[in-house]
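Q: I have a model open and want to learn how to read its features. Where do we begin?

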Amino acid sequence: MSNLMFRNATLADVDRCYSIEIEAYEGDEAATREKIATRIAQYPQGFICLEVNGKVIGFINAGCAWDVVMSDEAFKELVGHDPAAPNVVIMSVVLDPAYQGKGYATQMMRQFIDTMKQMDKQTIHLMCKTHHVDLYKKFGYQYIKPSDSDHGGMAWHEMLMQL
């Protein structure tokens, strides 16, 4: 594989991350540029970028909560986020479509999980579409339930990993 580097996002990454987000997600499910900028500014420790040969090709971003409510749309703007909270809520797992199918998403998720363990977090929560449920199970996530969220007008499923 190419020269890989994982690092926390900076505000200089906003435009590139937004570009990847709108390419990889359908319609209204993509985060706005403003939400991405807010997530980087408020919690760069939970916003991990993957670079290949110096170019950001993907990222995972998250916030932390004491009580997780996956359908809470305001949390996507980090309303209620507390970096000291033990529960991580992933908001985006995204990879530039040109780099998909090459194992990069797996490496990103493993790095993210390891980073959250090092930060002494207790759980990681995420929502995914039906066709991704089995993928996340392979990483060790447990299926919880269909989500009450209709983010982007789509059906979602809640997953949980105990760290």
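A: This is a predicted model. Begin with a charged side chain: Lys121 is buried yet has no salt bridge.

Q: How far away is the nearest side chain of opposite charge to Lys121?
A: A salt bridge needs a side-chain nitrogen of Lys or Arg within 4 Å of a carboxyl oxygen of Asp or Glu. For Lys121, the nearest candidate is Asp82, and it is 7.2 Å away.

Q: Which backbone oxygen does the side chain of Lys121 reach?
A: That of Ala85, at 2.8 Å.

Q: Where is Lys121 placed?
A: In the loop between H3 and S5.

Q: Now the largest pocket. How much space lies in it?
A: About 950 Å³. The elements giving two or more residues to its lining are helices H1 (14-24), H2 (33-42), H3 (104-118) and H4 (133-139), with strands S4 (87-95) and S5 (123-128).

Q: Which element gives the most to that lining?
A: S4, with seven residues.

Q: How does the lining of the largest pocket split by class?
A: Count each class in turn. There are 27 nonpolar, eight polar and 10 charged residues.

Q: Which residues lie nearest the centre of the largest pocket?
A: Of the 45 lining residues, these are Tyr25, Val93, Val94, His132 and Tyr136. Take His132 further: it lies in the loop between S5 and H4.

Q: Why does His132 count as partly exposed?
A: Partly exposed runs between the 20% and 50% cut-offs. His132 has 30% relative accessibility, so it falls in that class.

Q: How far apart are His132 and His157 in sequence and in space?
A: They are 25 residues apart in sequence. In space the separation is 9.1 Å, C-alpha to C-alpha.

Conventions. Residues are numbered from 1 along each chain as its sequence is written. This is a predicted model: local features need pLDDT of at least 70, side-chain atom pairs count only at pLDDT 80 or more; totals for chains, interfaces and linings use all residues. Side-chain values use heavy atoms; hydrogens and water are left out. On a 1 Å grid over the protein atoms alone, a cavity is a set of points where a 1.4 Å probe fits but cannot get out, and a pocket is an open set with protein on both sides within 12 Å along at least five of seven lines; lining residues have an atom within 4 Å of a point. Grid points are joined across faces, edges and corners, and a volume is the space filled by probe spheres set on the points. Helices (H or I, at least four residues) and strands (E, at least two) are DSSP runs, numbered from the N terminus. Ala, Val, Leu, Ile, Met, Phe, Trp, Tyr, Cys and Pro count as nonpolar, Asp, Glu, Lys and Arg as charged, and the others, Gly among them, as polar. Buried means under 20% relative accessible area, exposed over 50%, partly exposed in between (1.4 Å probe, protein chains only). Lys and Arg count as positive and Asp and Glu as negative; His and the chain ends are not counted. A polar contact is a pair of N or O atoms within 3.5 Å; within protein, one must be able to donate a hydrogen and the other to accept it, and residues adjacent in sequence count only if both atoms are side-chain atoms.
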